[in-house]
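Open the model in your viewer and keep the sequence panel beside it. We will stop at one helix pair, then zoom out to the whole chain.

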Amino acid sequence: MEVMGTPFFLTTVDKFARWAQRSSIWPMTFGLACCAIEMMNLVSPRYDAARFGAEAFRASPRQADLMIISGRVSHKMAPVIRRLYAQMAEPKWVIAMGACASSGGIFDNYAIVQGVDEVIPVDVYVPGCPPTPEAVLDAILKLQGRIRSGDEKAGIRSWQATA
Amino acid sequence: MAGDGLSGTARQGPQAAGAAAASVRAALETVGRLAQRFGDAVEPLPASLDMPVVKVRPDALRDVARALKDDGYAMLLDVGGVDYLGRRPPQERFEVVYHFLDVRGLRRIRVRVPLPEAEPVVPTLSDLWPSANWAEREIFDLFGIRFEGHPDLRRILMPDDWEGHPLRKDYPLRGPRQRGTPQALRQRFFPLRLDGPPADGPGGQLQAPAAGAQDGSPARKEGGA
């Protein structure tokens with residue numbers, strides 16, 4: 001065959017798309033509480049999320065595909081987060097950063113939603129109060145692993161199935 | 001509260017201490033004048049650590065506040081609410097506490113207004129001191145104390161559709177039972193609709209879901225009665 005003389009490789013469109021997706025995760029710029037301070041370190045030279053293609057924080061949900069819930073979610077904030085999530089373009093993912101976003105944390109009271117997964121679907125939970133930037137990086141890597149493997153449970157699909 | 005009164009004097013030496021004592025004395029004179037002018041409506045309380053304190057009946061509050069303002073207390077530093085649940089008599093369960101500062105003379109005075117449990121209402125000071133506006137809204141939001149004559153008495157911290165006043169001592173810490181449970185939130189937010197406006201509507205208002213509205217139909221909001 002003509003092609004035999006030049007280097008080439010074979011893949012599927014699906015695999016290629018997943019590779020592209022996981023290599024350029026764009027998180028959304030917003031912080032909810034003290035965890036956000038740790039989250040900001042992600043793009044600093046020390047932690048450098050650019051190594052994993054996840055450094056482009058975008059201030060508009062339309063341009064982001066990863067939502068890092070960095071802090072406790074109040075009942076007043078819940079509809080706002082819900083709407084921001086709905087405004088993000090598919091495919092999209094969510095990381096619940098820290099104890100409060102995952103379960104309400106120490107705030108077992110009237111004002112705080114007991115885990116953001118009661119409002120939007122979550123792909124990766126990060127323990128800690130607050131988690132270290134390394135832990136959040138690990139969450140991003142885990143998310144990349146799920147995207148690469150084509151995990152059907154990732155993202156919004158599972159959430160629709162269980163709702 | 002001991003900002004420039006006590007802790008400050010320890011650092012600044014005897015001269016500052018003398019000045020602070022003089023301003024407390026001056027504020028005490030204000031208390032005496034108020035008691036003289038308003039009679040029963042004003043009751044001087046034992047002096048607190050940091051500033052003189054008076055108890056004022058709610059119907060006299062506006063006159064007292066105006067007198068204080070004319071006397072040089074130009075600044076309303078803070079308005080706070082307190083719930084003394086179980087206090088006898090129940091006519092004094094709630095208190096609204098005002099802190100006034102005379103910026104020139106460095107005099108401070110605290111005004112406490114006890115309010116009844118049944119109908120805690122107090123006249124607004126937001127027309128005299130605009131700084132009272134949001135503070136009064138916050139007290140209304142968290143304690144359910146109404147401020148008569150307030151131009152815009154809405155909740156300021158809690159969601160608009162919230163029920164109850166969370167800083168009351170008899171408010172359940174975890175909130176009303178039906179609110180905040182995973183079931184209630186699921187009814188409110190699920191399923192997420194991607195092809196239209198969110199199910200909870202533009203204001204994020206909680207609508208009581210209709211009995212058969214579990215199918216996530218777009219008409220849920222109208223279906224809730």
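How near do the axes of helix α1 and helix α5 of chain A come, and at what angle do they cross? Select residues 13–23 for α1(A) and residues 133–148 for α5(A). This is a predicted model. In it, the two axes come within 9 Å and cross at roughly 165°. Angles over 145 degrees count as roughly antiparallel, so α1(A) is roughly antiparallel to α5(A). The crossing is right-handed.

Now show side chains at the contact. On α1(A), select Arg18(A), Trp19(A), Gln21(A) and Arg22(A). On α5(A), select Gln144(A), Ile147(A) and Arg148(A). These residues make the contact between the two helices. Colour them by character: two are nonpolar, two polar and three charged. Trp19(A) and Ile147(A) are the nonpolar pair. Gln21(A) and Gln144(A) are the polar ones. Arg18(A), Arg22(A) and Arg148(A) carry the charged label.

Next, switch to cartoon and select all of chain A. You should find six helices and three strands. Trace them along the sequence: the pattern reads α-α-β-α-β-α-β-α-α.

Then show the C-alpha trace alone. Along its principal axes, the trace of chain A spans about 70 × 40 × 25 Å.

Last, colour by burial. Chain A has 163 residues, and 40% of them are buried. For contacts, take those in chain A with a separation of 6 or more: 80% join residues 24 or more positions apart. The α1(A)–α5(A) contact you started with is a good place to return to, with Trp19(A) on one helix and Ile147(A) on the other.

Methods:
Residues are numbered from 1 along each chain as its sequence is written. Chains are lettered from A and ligands numbered from 1 in the order in which they are written. Helices (H or I, at least four residues) and strands (E, at least two) are DSSP runs, numbered from the N terminus. A residue is buried if 20 or more other C-beta atoms lie within 10 Å of its own, exposed if 12 or fewer, and partly exposed in between; C-beta atoms are placed from the backbone. Two residues are in contact if their C-beta atoms, placed from the backbone, lie within 7 Å. Axes are lines fitted to C-alpha atoms, for helices over the stretch in contact, and angles run from 0 to 180 degrees between N-to-C directions. Angles under 35 degrees count as roughly parallel, over 145 as roughly antiparallel, 65 to 115 as roughly perpendicular and the rest as oblique. A crossing is left-handed if the near helix is turned anticlockwise from the far one by less than a right angle, and right-handed if clockwise.
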